[in-house]
Amino acid sequence: MGQYVGLDVSLEVTTVHVLDEQGKRVWHGTCISHPAAIEATIRKHAPEVVRIGLETGPLTTWLWQALTDAGLPMVCLDARQAKAALNMRINKTDDNDAEGLAQLVRSGWYRAVRVKSREAMLVRSLIGARTQLLDIVTELSNQIRGLMKTFGLVVPKGAGKVFEANVRRLLEDDAAVAAIVVPLLDSWRAVRTQTADLDRQLLAVVRENADCRRLMTIPGVGAIVAASFVAAVEAPENFTTSRAVGAWIGLTPRRYQSGEVDYDGHISRRGDARLRALLYEAATTMLTRVQGESDLRRWGLALKKRLGFKRAAVAVARKMAVVMHAMWKKGVDFNPKAAPSAAPSAAT
């Protein structure tokens, strides 16, 4: 007789619930949130396990990879869908949540989520760490400018070494302000150094990846956008059609229909928010800064005249994701003469 297991994972303790094929409880209890402890618990109390369900969360990648490598039939559930089912219970407890997850994998009423590989997560973490350091650099520079402005020391426009030279020059005759600002400036310089180190790591990853280099043949797509796209999608076979990528990233309009009411709204904003923002920036670059002509750029500029810049940029970002997937799947470089299909009905 097969068994179905639900795992409600927290940072320290995982609640385990085992059901049989009729949905009756076989065993429930807890163990520490570590792959070895969870594997031992499942093999002891569910030796004939058919499916094991856990929700998406901070520990999901680690646990899913380790337990899958151990030969357990893991299923990762969409947290939004699981929440809708679990909210049907009157009392929310860890044991009730684990039982609800077990019921979901037993009934088959769930949508499995693809769990990213360790390599993809390393690239995503590298890009995320670089983004965080860049935000710190910007915040420190703004803090320095605002603090000095209070004392009548207006720092001229400029970035990098120019910014640092201007700050130090203005502080030469004001030791009291310098005692406050110089530690901030030293921190700003140290963070910029660490950011440059992460930049070099990222460029090394992109140079060794032929898929990233191919995607960078698109005007406006740089190393960060290409690496983020490859890390998010992982393999072109994960999508049956290229058009599905735009919807997966959240760049297609939402639709609401009920009776006589039927309208399209703003984009769904589902999926990877960071990748969506990067594609929007790449589309903006293509429309405003790229000099070379392409059918994709001309299509975007025509949309800009008709719908406005923001809507056109969103439409180009969606189309860019579709083109990137198609290029990756076919193994070809960007063709500037390949005309894009018609724009969606609403790209807001």
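**Figure 1. Glu 293 is partly exposed, with a relative accessible area of 45%, and it pairs with Arg 297.** This is a predicted model, and this first close-up sits on one of its charged pairs. The side chains of Glu 293 and Arg 297 form a salt bridge, with N and O 3.0 Å apart. What about the other partner: is Arg 297 buried or exposed? At 10% relative accessibility, Arg 297 is buried. So this pair brings together a buried arginine and a partly exposed glutamate. Arg 297 also turns up among the contacts of Met 286, which gets a view of its own below.

**Figure 2. Asp 295 and Arg 298 make a salt bridge within helix 12.** The N to O distance here is 2.3 Å. Both residues belong to helix 12, which runs over residues 295-307, and because they are three residues apart there, about one helical turn separates them. Asp 295 is buried at a relative accessible area of 18%, while Arg 298 is partly exposed at 37%. Elsewhere in the chain, Glu 164, Arg 168, Asp 186 and Arg 189 are tied into one network by salt bridges that share partners. Over the whole chain, the salt bridges number 17.

**Figure 3. Helix 8 carries a salt bridge between Arg 214 and Asp 211.** The closest N and O atoms of this pair are 3.5 Å apart. Why is the spacing about one helical turn? Because Arg 214 and Asp 211 are three residues apart in helix 8, which covers residues 210-215. Asp 211 is partly exposed, with a relative accessibility of 24%.

**Figure 4. Asp 8 is a buried acid without a salt bridge.** Asp 8 is part of strand 1, residues 3-9. Which side chain of opposite charge is nearest to Asp 8? That is Lys 92, at 5.7 Å. Since a salt bridge needs the nitrogen and a carboxyl oxygen within 4 Å, the Asp 8 and Lys 92 pair doesn't make the cut. Setting aside neighbours within four places in sequence, the contacts of Asp 8 include three other acids, Glu 55, Asp 94 and Asp 97. Val 13, Thr 14, Thr 15, Ala 98 and Leu 101 are in contact with Asp 8 too.

**Figure 5. Helix 9 is largely enclosed by the rest of the structure.** How many of the 11 residues of helix 9 are buried? The count is 10, so the helix is largely enclosed. Among those buried residues are Ala 223, Val 225, Ser 228, Phe 229 and Val 233. The cover comes from several helices, including helix 5 (118-150), helix 7 (175-207) and helix 13 (309-330). Helix 8, helix 10 and helix 11 are also part of that cover.

**Figure 6. Glu 234 and Arg 269 take positive phi values in loops.** Just after helix 9 ends, Glu 234 has a positive phi of about 70 degrees, despite not being a glycine. Glu 234 belongs to the loop that links helix 9 (223-233) to helix 10 (243-249). With 24% relative accessibility, Glu 234 is partly exposed. Where does Arg 269 lie? Its loop runs between strand 7 (261-267) and helix 11 (273-288). Phi of Arg 269 is near 55 degrees, again positive in a residue other than glycine.

**Figure 7. Met 286 is buried in helix 11.** Its relative accessibility is 0%. Leaving out residues up to four places away in sequence, Met 286 touches Ile 218, Pro 219, Leu 296, Arg 297, Val 316 and Met 320. One of these, Arg 297, is the salt-bridge partner of Glu 293. Met 286 and Arg 298 are 12 residues apart in sequence, and their C-alpha atoms are 10.0 Å apart.

**Figure 8. The whole chain, as context for the close-ups, has 13 helices and seven strands.** Its C-alpha trace spans about 80 × 55 × 45 Å along the principal axes. The radius of gyration is 26 Å, where a compact globule of 348 residues would have one near 20 Å. Of the 348 residues, 42% are buried. Among contacts between residues at least 6 apart in sequence, 59% join residues at least 24 apart. The mean positions of the 48 positive and 35 negative charges are 8 Å apart.

Key. Residues numbered from 1 in each chain as written. Heavy atoms only, no water. Helix = DSSP H or I, 4+ residues; strand = E, 2+ residues; numbered from the N terminus. Rg over C-alpha atoms; globule rule 2.2 N^0.38 Å. Buried < 20%, exposed > 50% of the residue type's maximum accessible area, 1.4 Å probe, protein only. Contact = heavy atoms within 4.5 Å. Lys, Arg positive; Asp, Glu negative; His and termini not counted. Charge placed at Lys NZ, Arg CZ, Asp CG, Glu CD.
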